[in-house]
Amino acid sequence: MKADVILGLQWGDEGKGKIVDLLAPGYDIIARFQGGPNAGHTIEINGSKHVLHLIPSGIFHPNITNLIGNGVIIDPYIFLQELTLLRGKGLQPENQLLISNRAHLILPTHRLLDACSEKCKKDKKIGSTLKGIGPAYTDKTARNGLRAGDIFNPGFKDKYNTLKELHLRQLKSFEIPLQDILMDGHDLVTYENNWFSALEEMKKLAFVDSEIFLNDSLASGKRVLAEGAQGTLLDIDFGSYPFVTSSSTSIGGVCTGLGIPPSRIGDVYGVFKAYCTRVGNGPFPTELHDETGQLLRDKGNEYGSTTGRPRRCGWLDLPALRYSILINGVTRLVMMKADVMNALTEIKLCTSYNVDNKHISLPSFVSQNDHFEPVYATLQGWAQPLPCDCPVENQPKNFVDYIEFIETSTKSKISVISLGPERNQSIYKAD
Ligand code: IMP
Ligand code: MG
């Protein structure tokens, strides 16, 4: 068998969580391959809203195994909170959850380092979620990190203290009083206590060599769906660096974050919103600062599910979408939230960028740094509600035109259209 993949094509928050939950019944295993508690995957089932940060979005299907892969980084305290929340909803997530021994841990001092590093950037802030993502991945590549499998070793506390001491020395150089920095309302001492208690709880879960487990599972005919977090435009290599996250959010992250070879990758579902949003700083060529932007924010409830921050909103950016499709080898496009634009009489799409009077159809290194203007096409809005129980060909003509415009200009087919947060608000489109 081959593993299929769901990943984001924009700046995250595309709605991957809903799509993973929707497609999950076709799979035996859902495996998260990168990111950490910076992610916020929202799933709505029968009117109840669930937000997941670390636990894969297949957890609401009782017969599916959910795996946290080696490419993910885990804060035990946040992980336990999530587990407790799910238990409160009547689930027993521990029965269907596996953790890779090789997943790295986010220490409390990683969060302090994140906070100090952002503070020092002054007006150049990345807009990090401050969950310790950058510093934890830095320690991974610097070969200092602690891994999930280490927590069972008798020497774990010593290793923890060694790394913490290193962090405290690094923190001194920022000259910021540490007592001023709270993490989810806690100072270092309290957070650390909570962290270690959570670690004891975490030990009761199942830890595996997930790369072997996954390859064995695929060889024995099990169906695997790899779940990404954030989006391609936040990728450490291909995103709008330095305004990115610290992991490979694109297709390469599936191989390194799960240990499965490229030859074992099947369909790649690329999820995008019918418009664009971005939370945090960095370039956003099609951003709207007007009432249309506010309408998208309000109707789309575009507020961060991890941090509550208002998301920046703008028109669909086709050069960026083409780029993400290219990088990931997307085989199936999934379009989310077109219903948010139901009230608009006119809709714009950015078709290219004008850089020094040259039109370019893909973002380039130059266009990330120099001044450039988005070039727009304007389509008529459908200006009416979109029915979820009706095939695409019977949808309002202006909506069909919008879909076809995107398909033509990306040379890709849209397979699934989501018109609301619930599972049944989804239309499958024939190829
Ligand atoms: P970090 O990964 O928390 O360091 O944040 C780096 C950048 O990625 C910031 O602009 C964040 O707002 C953004 N970011 C991180 N995770 C997500 C996510 O899950 N959705 C949307 N944006 C994210
Ligand atoms: Mg999100």
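**Ligand 1 and the second largest cavity**

Around ligand 1 there are 17 residues, of which Asn 38, Thr 129, Thr 245, Val 279 and Arg 309 come nearest. The model is a predicted one. This briefing covers the surroundings of ligand 1 and then the cavities.

**Contacts of ligand 1**

- The side chain of Asn 38 has an N or O atom 2.9 Å from an oxygen atom of ligand 1.
- Arg 309 places a polar side-chain atom 3.0 Å from an oxygen atom of ligand 1.
- Gly 127 takes part through its backbone, with a polar atom 3.3 Å from an oxygen atom of ligand 1.
- On its own, ligand 1 has 470 Å² of accessible area, and the protein covers 97% of that area.

**Make-up of the shell**

- The shell around ligand 1 consists of seven nonpolar, eight polar and two charged residues.
- Asn 38 and Arg 309 are among the residues that come nearest to ligand 1, and each has a polar side-chain atom by an oxygen atom of the ligand, at 2.9 Å for Asn 38 and 3.0 Å for Arg 309.

**Cavities**

- Two cavities of 30 Å³ or more are present in the structure.
- The volume of the second largest cavity is about 40 Å³.
- Its lining is formed by His 50, Val 51, Leu 52, Phe 60, Glu 82, Leu 85, Leu 86 and Lys 89.
- Strand 4 (48-52) and helix 2 (76-88) are the elements that each give two or more residues to the lining of the second largest cavity.
- By class, the lining of the second largest cavity has five nonpolar residues, one polar residue and two charged residues.

Key: Residues are numbered from 1 along each chain as its sequence is written. Chains are lettered from A and ligands numbered from 1 in the order in which they are written. This is a predicted model: local features need pLDDT of at least 70, side-chain atom pairs count only at pLDDT 80 or more; totals for chains, interfaces and linings use all residues. Side-chain values use heavy atoms; hydrogens and water are left out. A residue is near a molecule or strand if one of its heavy atoms lies within 4 Å of it. A polar contact is a pair of N or O atoms within 3.5 Å; within protein, one must be able to donate a hydrogen and the other to accept it, and residues adjacent in sequence count only if both atoms are side-chain atoms. Accessible areas come from the Shrake-Rupley method with a 1.4 Å probe; for residues, only the protein chains shown count as cover. Ala, Val, Leu, Ile, Met, Phe, Trp, Tyr, Cys and Pro count as nonpolar, Asp, Glu, Lys and Arg as charged, and the others, Gly among them, as polar. On a 1 Å grid over the protein atoms alone, a cavity is a set of points where a 1.4 Å probe fits but cannot get out, and a pocket is an open set with protein on both sides within 12 Å along at least five of seven lines; lining residues have an atom within 4 Å of a point. Grid points are joined across faces, edges and corners, and a volume is the space filled by probe spheres set on the points. Helices (H or I, at least four residues) and strands (E, at least two) are DSSP runs, numbered from the N terminus.
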